[in-house]
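Q: I would like a close look at one part of this structure, namely how two of its chains meet. Please walk me through it in one go, with the cut-offs spelled out.

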Number of protein chains: 4
Amino acid sequence: MNVWGNNIKLSVFGESHGIAIGMAVDGLPAGESIDVNEIRREMMRRAPGHDPFSSARHETDDVEILSGMKDGFTTGAPVCGLIRNRDARSGDYDGTLRPGHADWSALLKYGGYADMRGGGHFSGRLTALLVFAGAMAKQVLRRRRVNIYGRIAAIGGAVDADSPRDEEDWRSFSSSRFPASREAAASMSRAMETARADKDSVGGVVEAVAYGVPGGVGEPFFASLESIAASMLFSIPAVKGVEFGAGFRLADIRGSESNDAIVIKDGAISSPTNNCGGILGGISNGMPIVVRAAFKPTPSIEKSQRTVDPADMTEKNTEIKGRHDACIVPRAVPVVEAGLALSVLDCMSAGRGFLPA
Amino acid sequence: MNVWGNNIKLSVFGESHGIAIGMAVDGLPAGESIDVNEIRREMMRRAPGHDPFSSARHETDDVEILSGMKDGFTTGAPVCGLIRNRDARSGDYDGTLRPGHADWSALLKYGGYADMRGGGHFSGRLTALLVFAGAMAKQVLRRRRVNIYGRIAAIGGAVDADSPRDEEDWRSFSSSRFPASREAAASMSRAMETARADKDSVGGVVEAVAYGVPGGVGEPFFASLESIAASMLFSIPAVKGVEFGAGFRLADIRGSESNDAIVIKDGAISSPTNNCGGILGGISNGMPIVVRAAFKPTPSIEKSQRTVDPADMTEKNTEIKGRHDACIVPRAVPVVEAGLALSVLDCMSAGRGFLPA
Amino acid sequence: MNVWGNNIKLSVFGESHGIAIGMAVDGLPAGESIDVNEIRREMMRRAPGHDPFSSARHETDDVEILSGMKDGFTTGAPVCGLIRNRDARSGDYDGTLRPGHADWSALLKYGGYADMRGGGHFSGRLTALLVFAGAMAKQVLRRRRVNIYGRIAAIGGAVDADSPRDEEDWRSFSSSRFPASREAAASMSRAMETARADKDSVGGVVEAVAYGVPGGVGEPFFASLESIAASMLFSIPAVKGVEFGAGFRLADIRGSESNDAIVIKDGAISSPTNNCGGILGGISNGMPIVVRAAFKPTPSIEKSQRTVDPADMTEKNTEIKGRHDACIVPRAVPVVEAGLALSVLDCMSAGRGFLPA
Amino acid sequence: MNVWGNNIKLSVFGESHGIAIGMAVDGLPAGESIDVNEIRREMMRRAPGHDPFSSARHETDDVEILSGMKDGFTTGAPVCGLIRNRDARSGDYDGTLRPGHADWSALLKYGGYADMRGGGHFSGRLTALLVFAGAMAKQVLRRRRVNIYGRIAAIGGAVDADSPRDEEDWRSFSSSRFPASREAAASMSRAMETARADKDSVGGVVEAVAYGVPGGVGEPFFASLESIAASMLFSIPAVKGVEFGAGFRLADIRGSESNDAIVIKDGAISSPTNNCGGILGGISNGMPIVVRAAFKPTPSIEKSQRTVDPADMTEKNTEIKGRHDACIVPRAVPVVEAGLALSVLDCMSAGRGFLPA
């Protein structure tokens, strides 16, 4: 289902080559000042065509807010945002099952009725909707002293081991056009360049962090911060792995290393490390929330690939021509940030509004 | 919230040292023959005390089915299963914030009212409820030719690179007491032994696979098979990472390697590889569903750790005495299998029951 | 929250005097042929200005489908429908708490941030969205031999005791411009005329029925057909009562009268009466589903009313000038039908899609 | 599905003649003192055998709390309450489709697998679970100055026109064993007596009211207070109608009568009447929330009724012997109160817990 959230409700709709894509988000508090230019800036961070490795498709991604706002403030009613597909091509989908795309599984599910032009409802273009909703969530959160940052942790095997040290460091990373340390950025660029030269593509890892989330946000079990955020992040096309804190690395180390020591710092309970990514038992402990998402390489490549024509069930080769990202990871940074922002907002909006006795 | 699922609804309740833990699962079809002995066998696979590295706590985990079954068949009403806490100790929780446990975050959320004896509602003991529900799900699925298997992929840095080749191979792995290849099992055992000798613990990775899931199961976006399964698996205490197919490894390789070629095999569309873990665009493609979950090391260790006494906000050291697993990973295999089974069942139960025109 | 449904998900958004109102419905099967002209015809039945008692507002209610359809068929992705507010007046809401409107409660909830022009998100205009979604649901249902009909059961105290006898009778009623028996229609018209002459308004009762719903649809408890349909119908502004079958009248009679006898008819289990409205224990029994919704009189009246100006907390009188319906009941018939259609479709779409063993 | 609520989650399970019935409620705040004796007193109000018109079945309804409570306080984890079926008879259900019962529809849904002994999961006995959860909700609400009261508004056509005037009046009504005005109580008793003498049964109407609900609780559309409460109340077996405020009576009157005038009283916005039942646009306005539920007569009657034996599809007569209520309405008062309490609590728990900027 295309509806997400327990306490806020996000609905998304639209196809890559349809009339428009859009989203409606309900549950934002009334009276929140929303800066639409900030939404646009976030959209620009995700938009293609701003770096040499991204698709040449011209997406203005111009946002139209149809409801839920008045005089620059949220009204409490659902906010619908629409993005017209101005650059939509009329071209038809020829039925080829493109390896790595949803064509195969969609054929099995929808029996040929799905609109697969440009990936249709499965297109990465729909992540613009997450960025849209996330840009609003970020503004609501910032007013509660919660800030979200993101960076490129790895591309095509080039890992940026130089993690930001503190919020200041994250802020400067995050505002950069290519949020990675200089050295890693060079390796990553090389990985993307050689992939593009080889008519190939590369994936990578995006890391996002939420500073300022108060302790006590989240729930044990199925509404754990991890469950909520993972259900959001795995809805991003191309994400195949999600980890919190030290994540998979915890499988390699000892409890005495993995457990974050608990200390008093500036009069408050704190920890010198954050292997738990700010989440214990599904609930925030006041440390920064840290999440990483692994992106598979863009499946659209010009290299020849083996596939099947389902019309006559014959094998054939396919070369996917056109405007493709050699790597979507740089553009995915604001998407993962948006996913984290929405997740934190959903959990922070949980319950008990009227209840304090 | 302690309720999970879109099409089946699983509710869990209970605390480690309370009267009982239990679960209710709704949405199972009526008329399903359920073998309670099979539930018990699955519970035994998770129960502690069956290997030298697990807690010595004697949990009979004897299951009592209170509702939803008649004469061995599901009735269509919710099935409630109860497990009495026979071995519960009356001891009280002394308020220490044990590093790596939920004590810290729970204190912030519940203000000291949570029952944290033995971990309370956050205890790994509650995963017995997932195994309980999962054992029913497995039987329902098996009747639809869907089978779930699991294995230990890594413990304490010892990786089992020898992945099962096919369903036959998985079956023999899965039925083993220690489902890993012989060589890897030896390294894993050493890792656990030395950790125990050091009053320490280790984590690891569990892999589970679902064979026979038809194509077309799942949805794009928020009800993707990945979102659903991740929301379940991240509710398992100690899980800090989840990946599907080749997962995080996809971040290191090229699109031409990561894309699974599409071929005709035995007259059907298939693929020689399965980097996508049987899921494209959130929807199954008919290949096996493959998921891995990373477990952090057991946080309860006897080694001295720095912590805080929240009563007087002073730092102190703590050594956690008692019956602890040096590694919970072997016991976690049936838990991850159960989580996958429930996720697949939830997605396979989706919609349109009466609808075929 | 503005999202409804367990198995289909309907999201609505928009305000009376905003840019547009819209809805997204997810969970419709793929490959359903949808006749957009039929949607328009249903919208016309609800649109104002077609009878002398309705608002003079010119609503073209022209529908724009933005997603989820291709070549006249559903694709399986969410269908977003948009209705532009061409006739929106730019006038502002002056803050008066109009008796019977949501102004009072919205002020308390949203602290003055709600867009209350023309009723804003609370406006009856948003019921066009239910009709839009319902018109699609009806087409999906008709293909499964389920048909929905509606009639005016009462207006301003004038009751139409002459209930349709069978599906044929319902069909001819339903297709009429004023779906009531001739005699009752005359009394109802008089009630509306005199109300209008008195600068007043009247309410009434709408009845809807679903023929062809197979037995076994619905669930006990919270997903009972009654719970689902009531949760939908009570979301219609002005609805203050909902009853199924003989409804409140059952409070006056004996069990021996109220129980529907069970007989064999044409080889199938049937009943000569239908006091239960086709629902026993929350589940359909194969008889027609019968529901009635009570509408309060239109709160917008020109008669002078006592109210409060919240700006200075003084009492004052208000007369609501403008284009108001003396009675919305005739226009509400397709809305109640739509609510019933969506409810039946949601319940019929429940679970177990892949499950038959 | 047997799970209810957006912000609290109530799961119910069990069958009339099974081992036990139970419920789990999640989302209650931690640190709430819960008086178990008060739960027992509420259970006693619903229990049969306390008036001459109720079933002679001896239900001790003794409650066992398995989780979520410690030292008399809620812990924040789900509270599971269990009621053993001590008086369960081992007798089997003979397959007769009892008119007015769920036997017919359950047969169609569950194909003979449902446990229909004593009504099984459809039994009115399960309403004890709502009373259980409701008794906790009432205590949580009372601490926030919200109080719930109930009365018998009608039985078998005998209407109590003498509605309580204010909260004081409601309180004295509510604490009475037979909460109706003296005169009406006499008529109601006669209706029940003659029905019993005729081996028949009668239904009636229960009214409940919530005093002290702050303005601004609820949402427009699908999470309206009316939608939420109706979805709960229609899950009570035998309820076939629900109305708020003046309800169906509003269909007979003019807007000028139905609109509640808005005035200043004691410095606050108030109204001399409450036809809207404290709800405008789905949101509370600070006036008492008023709801009425219509109960059909108990379907179990000794009078001979026509029915069908599905085994051989023959018509036959049935007389339902045994311990039956001639009228369940007096016992239903605490059930409706519980339903209203849970609904108000769910809506008051909505969102924005951490959000105040």
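A: Happy to help; the contact between two chains comes first, and some helix packing and salt bridges follow. This is a predicted model, in which local features need pLDDT of at least 70 and side-chain atom pairs count only at pLDDT 80 or more, while totals for chains, interfaces and linings use all residues. Residues are numbered from 1 along each chain as its sequence is written, chains are lettered from A and ligands numbered from 1 in the order in which they are written, and side-chain values use heavy atoms, with hydrogens and water left out.

Let's begin with chains C and D. Chain C superposes on chain D after a rotation of 180° with 0.0 Å of shift along the axis, at an RMSD of 0.0 Å (a least-squares fit on the C-alpha atoms of residues with pLDDT of at least 70 in both copies). The two copies are thus related as by a two-fold rotation axis. Their contact (heavy atoms within 4.5 Å) takes 99 residues from chain C and 100 residues from chain D. Of the interface residues of chain C, 100% are also interface residues in chain D, so the copies meet through the same surface.

Together, chain C and chain D bury about 8,200 Å², 65% of it on carbon and sulfur atoms; buried area is the accessible area (1.4 Å probe) that two parts lose on being put together, summed over both. Six salt bridges are counted between chain C and chain D, a salt bridge being a side-chain nitrogen of Lys or Arg within 4 Å of a carboxyl oxygen of Asp or Glu. The side chains of C:Lys240 and D:Glu226 form a salt bridge, at 2.7 Å from N to O. Over all chains, the structure holds 108 salt bridges.

For another pair of chains, look at helix H6 (residues 225–233) of chain A and helix H6 (residues 225–233) of chain B, which pack at about 170° with their axes 8 Å apart. Axes are lines fitted to C-alpha atoms, for helices over the stretch in contact, and angles run from 0 to 180 degrees between N-to-C directions; helices are DSSP runs (H or I, at least four residues), numbered from the N terminus. H6(A) and H6(B) are therefore roughly antiparallel to each other (an angle over 145 degrees). On H6(A) the contact is made by A:Ser227, A:Ala230 and A:Ser231, and on H6(B) by B:Ser227, B:Ala230 and B:Ser231.

Definitions and conventions
Helices (H or I, at least four residues) and strands (E, at least two) are DSSP runs, numbered from the N terminus. Angles under 35 degrees count as roughly parallel, over 145 as roughly antiparallel, 65 to 115 as roughly perpendicular and the rest as oblique.
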